[in-house]
Amino acid sequence: MSPRTGIAQLPEGTPHGLEPVRTLVDELLEDQRRLTAVERFSQRHADARAPLLESHYRDLLPLSAPLPGEQYAFEVDLDACSGCKGCVTACHSMNGLDDNETWREVGFIVGHAAPKPSGPFRPSADAPVIPLTQVVTTACHHCADPGCLNGCPVLAYDKDPATGIVRHLDDQCMGCSYCILKCPYEVPKYSKERGIVRKCDLCQGRLAAGEAPACVQGCPNEAIRIRRVRTADLIATHRPQEAATANTFLPGSPDPSITAPSTLYRSRHPGTGLRPADQDVPRLDPPHVPLVLLLVLSQASAGLALALPCVAGFAAPTAFRVLLVASGVLLALGMAASVAHLGRPTKAWRAFLGWRRSWLSREILALNLFAGALAAAAASAWIPAFQGLRLPLALAASATGLFAVFSSAMVYVDTRRPVWDATRTFGQFLGTTGLLGATLTAVALGWTATAGHPELLPAVRTAAIVAALFRTALFVWNRVCHRAALADRCSPVHANARALAELLPAVIPVRNGLFLVSTVAGLAALAGPASSAAAWAGLSALTTVTSELLGRIVFFVTGTARRMPGGIPT
Amino acid sequence: MTEQTKVPASAPSDSLLRRWTGPQTSDLVLSPGRFGLGRVPLRLEPDATTGMVCGFCATGCGLQVHLRDGEALNLSGDPDYPVNLGMACPKGWEALAPLRSPDRAVTPLLRNPATGQMEPVSWVRALDEFTVRMKTVQAAHGPHSIAFLSTGQICTEEMALLGMLFKFGMGGLHGDSNTRQCMATAHVAYKQSLGFDAPPYTYADFEQSDVLVFVGANPCIAHPILWQRVLRNPHRPEILVLDPRRTETAMNATQHLALRPKSDLTLLYGIAAALVARGAVDRDFVEAYTTGFDGFEAFLGAFTPERACSESGITREAFDRAVDTIARGRRVSFWWTMGVNQGHESTRTAQALIDLALMTGSFGRPGTGANSITGQCNAMGSRLYSNVTSLPAGRDFRNAEHRAEVSRLLGIPGDRIPDEPSLAYDQILEGIEKGDIRGLWVIATNTAHSWIEQDRFRRLVGKLDFLVVQDLYASTDTARLAHLVLPAAGWGEKDGTLINSERRIGLVKRVLRAPGEALADFHIFRLVAEAWGCGGLFREWTDPEAAFGILQRLSRGTPCDIAGIRGYRHLDECGGIQWPFPETAAAGTSDPVRERRLFEDGRFFTPDGRARFLYEEPRGVPEPADAEYPFILLTGRGTSAQWHTNTRTEKSAVLRSLYPAEVYCEIHPDDAARLRVETGTRLRIRSRRASIEAQAFVTPTVQPGQVFLPMHYVEVNRLTRSTFDPHSRQPSYKHCAVHVGRAAG
């Protein structure tokens with residue numbers, strides 16, 4: 001930057017007087033505040049009653065409302081879409097969405113395709129196979145079997161019987177975001193400011209008044225229209241065997257057999273040879289720290305509860321009490337942490353409502369049942385009258401704890417994301433339950449043993465050995481799965497493994513180190529001098545818990561699945 | 001839908017267990033709209049609406065602004081406007097968002113020489129500083145040592161006032177605008193060929209052609225609403241696209257000629273020669289209305305189909321089919337955009353299209369024309385009234401008669417009117433480099449981002465004694481380099497007119513209050529005039545509508561005569577008015593025909609009334625790919641959600657969600673495989689000027705050996721090469737050689 005030149009030699013202020021300038025500044029600043037468009041210009045549409053765009057969209061709406069068994073659906077003509085994205089902004093403006101909120105999204109699929117002779121204009125004949133970029137506009141698909149609705153624990157979704165529109169009840173929502181995981185298309189959008197999700201309602205208010213949805217109105221190319229469709233036909237069209245072999249929805253999209261989406265994508269280009277622009281590009285999801293804490297702590301709690309029956313028969317109730325307290329405290333901490341995940345925790349009391357379909361509802365019930373079972377077991381531990389029930393109540397705590405872990409796993413398995421399939425999810429969750437249960441049992445009983453109960457030492461030893469076995473098995477299994485997925489480009493979880501390897505390259509070395517330290521420290525606690533056993537055991541437990549927390553963060557951040565085609569990833 | 005088909009949404013009543021209503025739900029409730037809007041969000045329900053023209057691109061869409069208490073709440077496409085028929089692209093829909101951005105400049109900012117920081121100052125202080133320092137520069141280095149760089153983004157009245165203030169009031173000579181980067185070629189090509197800078201068409205021509213030829217144009221992305229007009233064409237038209245890339249438009253074409261970059265001139269001459277060979281020339285038209293065809297015909301002898309195909313890489317079949325299509329077409333229109341305008345021989349390329357239209361008699365009839373689609377919302381206003389390369393309304397600085405006319409019409413002493421035009425943009429920068437120009441005033445443009453071979457500009461800014469930037473934001477790449485920033489009001493915060501691609505004069509209105517002390521550019525120019533001491537020359541320029549009246553007066557009797565317009569209200573009521581609209585046309589009829597084209601009588605604006613065939617032997621590209629820089633870099637528009645340097649479009653969260661956050665590089669799968677890169681890999685792209693990183697996007701829509709970078713990302717123009725068309729001085733952004741490899745690490 002060059003220094004000021006010349007000005008230094010001049011006196012401050014201009015020679016020709018500032019007063020007229022000052023007056024004009026004031027005058028113009030005042031003028032700048034005046035808004036006079038209404039007075040100066042005629043109100044051309046002051047008396048217009050009917051929507052002026054009606055002639056533009058009249059033919060884009062069905063002639064009559066859905067009959068029983070039918071619903072409204074979007075139909076997108078991919079060939080007419082030129083990629084202007086006006087639909088996204090029309091939806092945003094006409095629905096008055098928040099600044100950063102969009103209910104429509106636009107991505108694209110690229111590749112080579114052979115044209116079919118149809119569409120608005122005759123296609124090129126000079127090339128049998130042509131390079132293609134196909135813009136894909138997408139909103140809620142108002143599915144025949146909506147994942148969001150099925151998963152919502154508070155029944156904040158409704159599929160309107162007359163129109164089939166999947167509505168979100170904004171004032172019912174507790175902001176758990178489970179619908180985002182349940183929707184294969186990740187349609188619902190969470191708003192941090194509002195603490196709830198919102199989504200496309202197919203402009204039900206407009207359709208009810210005979211007006212077209214915002215996106216239909218806003219498309220210059222008439223590429224989006226509304227049609228009527230038999231809801232049962234959607235299920236049939238997207239049957240798993242059909243969806244697996246034919247392109248019943250959109251190339252490279254999530255498996256449509258999961259929810260039977262109602263949107264119809266039309267194109268003169270067959271689906272082969274096309275793939276989403278962002279397919280297989282590694283990406284990360286949010287870590288959901290409160291859920292990480294809930295899962296790890298509740299699983300540790302369930303693991304400790306599994307040890308309760310083993311110590312229920314001991315003469316002194318100390319071991320039983322220690323494990324019970326440890327289990328109860330961990331569960332309480334985990335459940336408390338999970339509340340932080342909710343955008344509207346005061347609405348969480350309705351979470352039982354969805355128990356018929358929602359595994360999240362069931363998980364919440366199971367966790368509460370487990371908490372109740374621990375409380376009952378506590379009664380048997382401290383109230384002499386219930387002493388006799390200690391073993392059955394311990395067994396009940398173990399069983400409800402396991403059921404809670406099972407429910408937690410089902411919450412994720414039910415999303416149908418390949419990376420969260422039953423084997424991986426149950427393996428992880430039960431592995432954590434066993435590992436942390438055994439580790440913490442060893443620590444808790446070890447501490448009790450040194451505090452005057454040497455008879456517990458064999459149990460401590462057993463628990464430590466069980467922990468080492470779980471730790472090793474879990475470690476080996478994790479590594480084997482990861483390597484296999486990384487090596488196999490066709491694996492449905494290849495992109496997840498790549499995300500871990502490429503975007504989080506430190507995680508695996510850190511977990512290796514934690515495994516090594518926890519194993520060696522565990523062995524040192526078992527085999528070394530008694531004086532240092534507590535320290536070694538503590539170190540082993542600490543590194544084990546850390547590793548599991550990290551593992552659960554990885555579970556979420558690499559828990560991505562195929563979604564609707566995105567844009568160019570950067 | 002008929003009445004009985006309307007299904008009321010079932011709304012079960014609230015219960016303790018299930019809440020169907022409440023504060024969150026009511027945020028999305030729609031109200032039955034008035035003003036023909038249909039349903040609108042209840043919380044954004046307007047009490048009035050007003051129409052105005054969009055301020056992004058030269059399509060010039062009408063927007064219906066939803067007002068409450070006179071202030072804009074929301075907007076939608078204007079269903080009555082003849083351009084867009086109620087539609088809008090994302091930029092139009094989001095046009096209010098950039099105005100509401102928290103990083104608007106709200107006071108003048110002056111760089112403190114001691115700290116190097118920008119500090120808020122009063123307008124009076126800022127104007128004092130402006131005047132004293134500009135005058136100091138002039139005193140030391142001569143009156144022509146100050147210059148301005150303006151824009152196609154402000155209103156015509158503002159451009160006109162700036163040009164006159166700077167040249168007639170401040171004694172400066174050199175000013176140019178970013179339309180040099182955009183429309184200079186079309187301007188020169190039309191002027192030389194047709195006698196006036198006169199795009200002949202109206203948008204209805206998109207709907208009336210049976211053959212549309214798009215050259216270096218991607219309206220699907222660059223002008224989505226114009227593509228809407230193409231799709232309304234009921235004649236099942238043949239659509240030919242000449243573009244190295246398989247753009248969205250090419251994908252929707254019936255014939256895509258994926259020619260080698262910058263082989264367009266040879267290919268167009270080849271097509272012309274083939275048309276001559278098969279007798280497809282409209283001899284009657286050529287005879288009656290043109291001059292110079294014989295020379296052109298002789299010149300074309302060298303452009304055999306073999307040469308055209310081998311140099312452009314087009315197959316003979318595709319070439320023959322294209323020629324056949326044009327020859328058979330009854331209403332053929334030729335459309336071009338930046339792929340033509342931004343080339344090393346762009347004027348001749350544009351004129352090759354004009355030649356093609358002339359020789360096939362494709363002028364003056366519905367669905368015909370050699371038609372330049374403009375870039376910026378007011379490129380046309382700048383071309384006619386910015387007082388830069390020509391005196392207002394297409395007059396010539398060198399012509400004493402023209403100067404006398406302007407002097408008389410404006411009441412400006414004749415000796416204040418320079419007898420030579422300004423230097424072009426690149427020459428002004430060269431002047432800075434040489435130390436001849438020391439003071440620079442940049443208005444509503446972002447040279448530090450958009451100028452070709454950007455590093456060079458950033459270096460030479462250091463040589464300026466005084467850099468003033470006048471913009472909505474103090475955060476633009478150029479404003480960050482300034483000594484003084486003047487906070488401007490934006491589109492929607494001021495009145496004025498814009499002229500679109502089809503010569504339609506549309507109205508901009510003040511529907512929002514500018515933040516803080518930001519002032520309309522028109523106001524700022526008035527203040528500068530007052531502070532400079534030449535306010536007396538511009539006493540008549542009290543407000544934009546008064547200025548419009550002056551421009552009408554200047555236009556009288558010229559090809560762009562608009563003297564028949566009865567003020568802003570008339571423009572508003574007609575949905576914009578195309579020039580020309582002289583008083584003679586206005587007399588008798590109340591309103592102009594909504595869609596009008598030029599040259600229906602075959603009379604052109606040359607002295608003899610005949611259009612000229614202009615042509616020249618093609619020259620090789622200045623920087624061909626070689627072993628060291630084996631790729632050809634193409635640049636252009638990325639998405640319809642981004643506008644130029646992204647200064648405004650990046651302010652909208654919705655628009656941000658519609659384009660990639662970081663720069664990306666399109667590369668063909670074969671090249672990607674060879675370089676072992678895939679989508680998402682970081683690339684290093686190196687030219688002889690600079691080296692940048694970008695993420696790879698692997699796509700077969702670019703050809704092997706070519707890469708494409710979208711121009712909206714600041715680093716892209718570090719790579720481009722300072723090459724200019726000799727006639728229009730427009731920079732060639734569409735071709736330079738680069739090396740591409742994986743980024744280290």
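Me: Which loop of chain B is Glu453(B) found in, and what makes that stretch a loop between helices?

Reply: Glu453(B) sits between H20 and H21 of chain B. Helices here are DSSP runs of H or I with at least four residues, strands are E runs of at least two, and both are numbered from the N terminus. Before we go on: this is a predicted model, where local features need pLDDT of at least 70, side-chain atom pairs count only at pLDDT 80 or more, and totals for chains, interfaces and linings use all residues. Residues are numbered from 1 along each chain as its sequence is written, with chains lettered from A and ligands numbered from 1 in the order in which they are written.

Me: Why is Glu453(B) called buried?

Reply: Buried means 20 or more other C-beta atoms within 10 Å of the residue's own, exposed means 12 or fewer, and partly exposed is in between, with C-beta atoms placed from the backbone. Glu453(B) has 21 other C-beta atoms within 10 Å, so it counts as buried. Its phi is near 50 degrees, a positive value in a residue other than glycine.

Me: What about Arg236(B): buried or exposed, and how do you know?

Reply: Arg236(B) has 10 other C-beta atoms within 10 Å, so it is exposed. Arg236(B) lies in the loop between helix H8 (224-231) and strand E11 (238-242) of chain B, and it too has a positive phi without being a glycine, about 45 degrees.

Me: What puts Trp477(A) and Leu42(B) in their burial classes?

Reply: Trp477(A), in helix H16 (residues 457-487) of chain A, has 15 other C-beta atoms within 10 Å, so it is partly exposed. Leu42(B), in the loop between strand E2 (40-41) and strand E3 (48-53) of chain B, has 14 C-beta neighbours inside 10 Å and therefore counts as partly exposed.

Me: Which residues does Leu42(B) contact, and what makes those pairs contacts?

Reply: Two residues are in contact if their C-beta atoms, placed from the backbone, lie within 7 Å. Leaving aside neighbours within four places in sequence, Leu42(B) is in contact with Val29(B), Leu30(B) and Ser31(B).

Me: Back to H21(B). Which of its residues are buried, and why say they line one face?

Reply: In helix H21 (residues 454-461) of chain B, the buried ones are Gln454(B), Phe457(B) and Val461(B). Down the axis of H21(B), the buried residues fall within an arc of 60 degrees, so they line one face of the helix. The arc is that of the directions from the helix axis to the C-beta atoms. An α-helix has 3.6 residues a turn, so residues three or four places apart point the same way. The buried residues of H21(B) pack against helix H19 (425-434), helix H20 (447-450) and strand E17 (466-471) of chain B, while the face turned away carries the exposed Asp455(B) and Arg459(B).

Me: How do you know the length of H3(B) fits expectation?

Reply: The expected span is 1.5 Å times one less than the number of residues. H3(B) has 19 residues and reaches 27 Å from its first C-alpha to its last, close to the 27 Å expected. Just after H3(B), Gly142(B) takes a positive phi of about 100 degrees.

Me: How many residues make up the side of chain B that touches chain A, and what makes up that side?

Reply: 115 residues of chain B are in contact with 93 residues of chain A. Helix H3 (residues 123-141) of chain B gives the largest share of the chain B side, nine residues. By class, that side has 53 nonpolar, 35 polar and 27 charged residues. Nonpolar covers Ala, Val, Leu, Ile, Met, Phe, Trp, Tyr, Cys and Pro; charged covers Asp, Glu, Lys and Arg; the others, Gly among them, are polar.

Me: What makes something a nonpolar core, and which residues have the most contacts inside the largest one?

Reply: A nonpolar core is a set of buried Ala, Val, Leu, Ile, Met, Phe, Trp, Tyr and Cys residues joined through C-beta atoms within 7 Å. The largest has 408 residues, and those with the most contacts inside it are Leu308(A), Leu323(A) and Leu353(B). Helix H11 (residues 289-312) of chain A gives the most to this core, with 16 residues.

Me: What makes the Trp579(B)-Pro580(B) bond cis?

Reply: Omega is about 0 degrees for this cis peptide bond. Pro580(B) is in the loop between strand E21 (577-578) and helix H25 (583-586) of chain B.

Me: How confident is the predictor in each chain?

Reply: pLDDT is its confidence in each residue, from 0 to 100. The mean is 91 for chain A, with 94% of residues at 70 or more, and 95 for chain B, with 98% reaching 70 or more. pLDDT stays under 50 over residues 1-14 of chain A and residues 1-8 of chain B.
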